[in-house]
Amino acid sequence: MSENQNFDLIVIGAGSGGVRLARMSAQRGARVAIVESRYLGGTCVNVGCVPKKLFVYGAHVSEELEDAGGYGWHVPREQVGFDWPTLVANKNAEIERLNGVYRRLLDNAGVRVIEGSARLADANTVVVGDDRYQTRHITIATGSWPVVPELPGQECILTSNEMFYLPQLPRQAVVWGGGYIAVEFAGILAGLGVETTLLYRGEMFLRGFDDDVRRFTAEELTKKGIQLRFGVTIESVQPEGGHYNLSLSDGSRLTTGLVMAATGRRALTEGLGLTDVGVELTPSGHIRVDEHFQTNVPGITALGDVVGTPQLTPVAIAQAMVLSRRLFGDGQGEMDYNHIPTAVFCQPNIGTVGLTEAEARAAGHQVRVYRSEFKPMKYTLTGRQERCLMKLVVDGDSDRVLGAHMVGPDAGEIIQGLAVAIKAGATKAEFDATIGIHPTSAEEFVTMREPVADA
Ligand code: FAD
């Protein structure tokens, strides 16, 4: 075994969590290798957050063009055109640039990048192709993969992975699912002029979000022409010519040009040889770890989407920082899963942090609720009917703000700031004592004085 096949840490998967762990650990003096089978940067950079947000920006341009007239700009409809292949090509160029950035970050930190699919031979040996690498520690950060339910015609259904490389846009599309990825793709397609239907088996999409947010978002998306059909699911898909005939669970049929499923993701563990090495999985197929990312096999840790904690890039990154510190730093560090802010980049955006009203009540808080719905100033001259929702959930006894929820332009940007205050334990009185920035939508969060009567 040559010296350069011997490491302190081998990370499997160069996604959000793996790259951060490898870099931080190398900067602490560890000899680190990272193995990647597909693309540097993982899901987020290649088929997740980044390309998704670029598509959201692209889709939003249509609204900016529509609104321009109210501000005196002359944008004749017949002169407005959209070219999907240009958006995809420009997005691809940006992703390639980011792949290069990740490569340089790893090289500069002294991390050895090994291309290929990794398999564990034992708790200290990683196999990639014909090569075997020895290491003191192994971290599995292999992420997750979309799942399409089994049904006749399943092979015709696309997932978010393929949506990023569609050669052309259809005239009509069905998005199947009720989570944030489904809602975001419905917004992207509709914004780009595709007649879009969202099908979801539950009564209301965006489970886990505040109920006012869910209801309000449903109203806003409907105003934008997205057909929302809840309580219904797809039973079969039949291709015919250039389109697809769908049979739905309520007995109805639907014809469309594209079907995308965003119906869940599974932990990506296949081919890793986990059962041979004895690494335990949870019933949902995630790698079982303790609060310090340790699996049941000494020397093998795991983090990110593959362990089933909230599937978000900043969560995987925060976990990586804790694990690196524990393995190669002072051995300390804990992960805090409270107050994780998050956004849904539909139009308008959703931003949220802390407890929903229902969660606060279920936890036994005496809840005070502050809620405001209004038309953002920007739309006063344009005739756009879009409205904005802001909501604070406050503990009546301590006056602490337990949660902040928003549906409206730039909700993600606004909630990120509020998340600091809420994490720091701010009270409603401190929100009230904060001077607003005028005129903004965000100032509403510090000027809502009267709790809602029905709460
Ligand atoms: P990943 O980033 O998935 O990286 C895992 C890597 O491991 C991959 O590169 C994979 O190729 C590699 N790999 C797998 N098996 C092997 C093997 N055997 N050998 C070698 N390499 C292997 N999160 C947000 O915070 N904000 C968002 O707006 C957001 N939007 C999203 C939109 C979409 C459409 C999707 C799908 C996800 C989105 N996410 C978002 C979630 C985010 O992308 C993930 O939570 C994050 O990427 C998880 O990081 P990770 O390191 O656990 O895994």
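These questions and answers cover the ligand shell and a surface patch of a predicted model. Local features need pLDDT of at least 70 and side-chain atom pairs 80 or more, while totals for chains, interfaces and linings use all residues. Residues are numbered from 1 along each chain as its sequence is written, and side-chain values use heavy atoms, without hydrogens and water.

Q: How many residues surround the ligand?
A: A residue is near the ligand if one of its heavy atoms lies within 4 Å of it. The closest include G17 and D305. The total is 39 residues.

Q: Which residue has a side-chain N or O atom 3.2 Å from a nitrogen atom of the ligand?
A: A polar contact is a pair of N or O atoms within 3.5 Å. A backbone N or O atom of G17 lies 2.8 Å from a ligand oxygen, and one of L312 lies 3.2 Å from a ligand oxygen. The side-chain contact to nitrogen is from Y180.

Q: Which helix gives the most to the shell around the ligand?
A: Helices are DSSP runs of H or I with at least four residues, and strands are runs of E with at least two, numbered from the N terminus. Elements that each supply at least two shell residues include α1 (16-27), β2 (32-36) and α6 (180-191). With four residues, the one giving the most is α2.

Q: Why does the ligand lie between domain 1 and domain 2?
A: The bounds come from an automatic or database domain assignment. Domain 1 covers 3-146 + 266-328 and domain 2 covers 154-263. The ligand lies between them because its shell takes residues from both domain 1 and domain 2.

Conventions:
A polar contact is a pair of N or O atoms within 3.5 Å; within protein, one must be able to donate a hydrogen and the other to accept it, and residues adjacent in sequence count only if both atoms are side-chain atoms.
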